[in-house]
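Trainee: Could we take a close look at one part of this protein, the place where its two domains meet? I would love a guided walk through it.

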Amino acid sequence: MTSTSSTLVLDPDSARQGYDRAETVRVAVLGVGMMGQDHARRLATLTAGAELVAVSDVDVARTDAVAKEFGVRAIHDPKAAITDPEVDALVIATPGFTHEELVLLALDAGKPVLCEKPLTTSAQTSRRIVEKEAELGRRLVQVGFMRRFDAGYQQLRALIASGEYGAPLFLHCAHRNATTPPNFNSEQLMLDSVVHEVDATRFLTGEEIVAIRVIAPRSSTQAPEGLRDPQFVIMETESGVLVDVEIFVNTTFGYEVRTELVAEKGQARIGQHEGIVTQSAAGWGGSIAKDFKERFGAAYDIEFQRWIDAVRDGSNVDGPGVWDGYAAAAVCEAGVRSLHTGERVEIDLGPRP
Ligand SMILES: NC(=O)c1ccc[n+]([C@@H]2O[C@H](COP(=O)([O-])OP(=O)(O)OC[C@H]3O[C@@H](n4cnc5c(N)ncnc54)[C@H](O)[C@@H]3O)[C@@H](O)[C@H]2O)c1
Ligand SMILES: O[C@H]1[C@H](O)[C@@H](O)[C@H](O)[C@@H](O)[C@H]1O
């Protein structure tokens, strides 16, 4: 997209006091690996009101290559990108363990951030972000739980909220990936993958998760040596809804994310049949997405548009925020503990600032 006109106008008194409505939000993407490049393309070609102005990655050659591809500035120091006066807002798409530092710096700079999930990889570090944002007194951080923007999840949430099927009793979830990136470890099945079901459970039921148990059955011979894949996760919500998740990240053939609701007076499923289902002499069936970019492509597009719209109107966040990121981090941390001990672990989020 070529940006034409005015950029964000900072309040002259304080960079932290908010933006005026403006034509274009100048965005830098930090971390331009697989996901960051996809988001850079989204901002450069699709998201109305956004202008991709810079990319930054600790991998200098990658920064230069991606900057060249999109015709934007390459900023080699990610911290300099955060404070750059020609950058209004940031997308953080670096690995989870780097998020805390970068998000805190963005809060210092008073800039809106869309941070990919997970917010951070521990409850304590996410809590620091919650507290810092509360001290600032304005919301600046949105977390990239894109499933909240998926049509199926929104329909299921509305169905539960309507009460038509009575109270929810179970959510049965399956989360399957074809393969994992190199060095993906057994904790990451929880921290990087099941974190989506943790957030989706909170989104669908409107309740916090109070306990979790993780069981690792035999591992698939198709999984890399030493990886405990698959795993089976059982979560309990405040009112006693039971949520089970089969997480299996080396299916070898495709990407699948399903949820089945069992409620008192009815049942519903999402994620089973995406796209067309055919029937011919060749057989019956549909296609299976190859990865999350295909399965949730529309959700990422909506997520980005709504975020940019929120930045333009000064509200900065339209979707999951830091408390959602913190709650998910706390549940996942408990899940990792359970994976190692086999015990049911309770979660206490403490007071919400
Ligand atoms: N929402 C989703 O469905 C989804 C899908 C995939 C990945 N993700 C998330 O996106 C993030 C990135 O994942 P990915 O798969 O693209 O990883 P990746 O490894 O492909 O890319 C990460 C990039 O960040 C760079 N980097 C590392 N530390 C950095 C730092 N301190 N500053 C700047 N750059 C740094 C690396 O050099 C690399 O280019 C993760 O948080 C991941 O969980 C989300
Ligand atoms: O980082 C990715 C991403 O978040 C995907 O949405 C999820 O399906 C994968 O399991 C995870 O590794």
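Mentor: Happily! Across the boundary, 17 residues of domain 1 are in contact with 13 residues of domain 2; two residues are in contact if their C-beta atoms, placed from the backbone, lie within 7 Å. On the side of domain 1 that touches domain 2, α5 (123–136) and α9 (297–312) each supply at least two residues. The largest share of that side, three residues, comes from α9. Helices here are DSSP runs of H or I with at least four residues, strands are E runs of at least two, and both are numbered from the N terminus. Sorted by class, the same side of domain 1 has eight nonpolar, six polar and three charged residues. For these classes, Ala, Val, Leu, Ile, Met, Phe, Trp, Tyr, Cys and Pro count as nonpolar, Asp, Glu, Lys and Arg as charged, and the others, Gly among them, as polar.

Please keep in mind that this is a predicted model: local features need pLDDT of at least 70, side-chain atom pairs count only at pLDDT 80 or more, and totals for chains, interfaces and linings use all residues. Residues are numbered from 1 along each chain as its sequence is written, while chains are lettered from A and ligands numbered from 1 in the order in which they are written.

Now for the two partners themselves. Domain 1 comprises 25–146 + 298–320, and domain 2 comprises 148–295 + 329–346; these bounds come from an automatic or database domain assignment. Their C-alpha centres lie 26 Å apart.
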